[in-house]
Amino acid sequence: MKYFKSITVIALLIMLSAFTANTKSFDEKGYDIGDVATDFKLENIDGDMVSLADYKNAKGFIVVFTCNTCPYAVRYEDRIIALDKKYASKGYPVIAIMPNNTSKKPGDNMNAMKARAASKGFTFPYLIDAEQTIYPQYGATKTPHVYVLEKTKKGNVVQYIGAIDDNYKDAALVNTKYVEMAVDALLNGTKVEETKTRAIGCSIKAKK
Amino acid sequence: MKYMILVCLLTFGSCKNEVKSGSDSSETAVVEAVNIASVELEIYDFNGLEKFLNQEDDKVHVVNFWATWCAPCVKELPHFEELNKNYKLKNVEVLLVSLDFPKQYDKKLKPFILEHNLQSKVLVLDDVAMNTWVPKVNKDWDGAIPVTIIYNKDKRQFYNQSFTYEELEIEVGKFLN
């Protein structure tokens, strides 16, 4: 009987691992425009677990994969705060997710995240993808990496993927605010013109 | 010759540190400043850089995009240096394209080049119009570094990955036959 049990357990484990392996390769490329993005339940800097479903009144989300240790992410911190201040009240709050493996990047661990959020005065949740299961589904590869989601009946639909704007160096010299243009379009019920942009960023550190 | 001077300065600098440890640190700082000033960076926007990505000579070109702030880049850099050392007489040219921020040139990049005594050619790309030039490097690149291009006048391959020395040698081998 005991043997039988352990065999069952082993069989289950094998099945499970096969399943996760499949899911992984399937999601490797991440979302494209029009895909429904997964919800999550991730720990915030205040200890609470946060899900997109918690935001009953949101019209959508500005999901930003970001971290403490990437110089590009740091340069965009003030602009991420500004996005939240401008759009949370309009129904598009910022949800920041820290995707790095913290044994590889101790500067991104929960304590460091708390300290950074406090010193910068983050107005939005700063969540940790501790199991590193969410960012691969989105297809985030670097920080900062933004996904604008529109809440619809079928779920949170990806409407924009990419950079915050077109000048990482100097917010004053920005010509095109990609994320703002996307959210404005969604708020106005018009088409998002530029749905995907590219920018240099720090690759997300996986466990391996 | 330029490198000789660098090496001399470096050696000089480090000797000084050892001999005079604990003594007047401003003197050490002066020596370091001289070292850093001796590193001349070649800085380009993407238009300027493009010719280095499309050279039509008989060499195999290995172009690595990196930055001092990028940990996986720094980790694999010695492999590119090793490749340069072992293959530069075999028609392979290694080019290290730094994406460091202009404000970090003197603080981070130049000290890094000195400290690691980089022998491969280093260029600096300073161009904020990333959404324009990133896809020109490769249509599948979303901007995470490190990435590497290996090309000759007949073919070209884009690598969105980190390299070990062995992997690098295998890939370069495919271009050498």
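This is a short tour of the place where chains A and B meet in a predicted model.

Start by selecting chain B and the part of it that touches chain A. Here 15 residues of chain B are in contact with 15 residues of chain A. Two elements of chain B, helix H6 (130–137) and strand E5 (144–145), each supply at least two residues to this side. Helix H6 of chain B gives the most, with four residues. By type, the side of chain B that touches chain A has 12 nonpolar residues, two polar and one charged.

Next, select strand E10 of chain A (residues 201–203) together with strand E5 of chain B. The two strands pair in the parallel sense over two bridges. Gly201(A) has Ala144(B) as its bridge partner, and Cys202(A) stands opposite Ile145(B).

Now add strand E7 of chain A (142–143) to the selection. The result is an open sheet of three strands in the order E7(A)-E10(A)-E5(B), with mixed pairing. E7 of chain A and E5 of chain B stand at the edges with a single partner strand each, so one side of each has no neighbour in the sheet.

Stay with E5 of chain B and pick Ile145(B). Leaving aside neighbours within four places in sequence, Ile145(B) is in contact with Ile200(A) and Ser203(A) from chain A, and with residues of chain B including Phe65(B), Trp66(B) and Leu99(B).

Last, select Ile62(A), Ile97(A) and Val179(A) along with Ile145(B): these have the most contacts inside the largest nonpolar core, which has 83 residues. Helix H2 of chain A (residues 71–87) gives the most to this core, with six residues.

Key:
Residues numbered from 1 in each chain as written. Chains lettered and ligands numbered in written order. Predicted model: local features only at pLDDT ≥ 70, side-chain atom pairs only at ≥ 80, totals over all residues. Contact = placed C-beta atoms within 7 Å. Nonpolar A, V, L, I, M, F, W, Y, C, P; charged D, E, K, R; others polar. Pairing = 2+ DSSP bridges. Core = buried A, V, L, I, M, F, W, Y, C linked by C-beta atoms within 7 Å. Buried ≥ 20, exposed ≤ 12 C-beta atoms within 10 Å, placed from the backbone.
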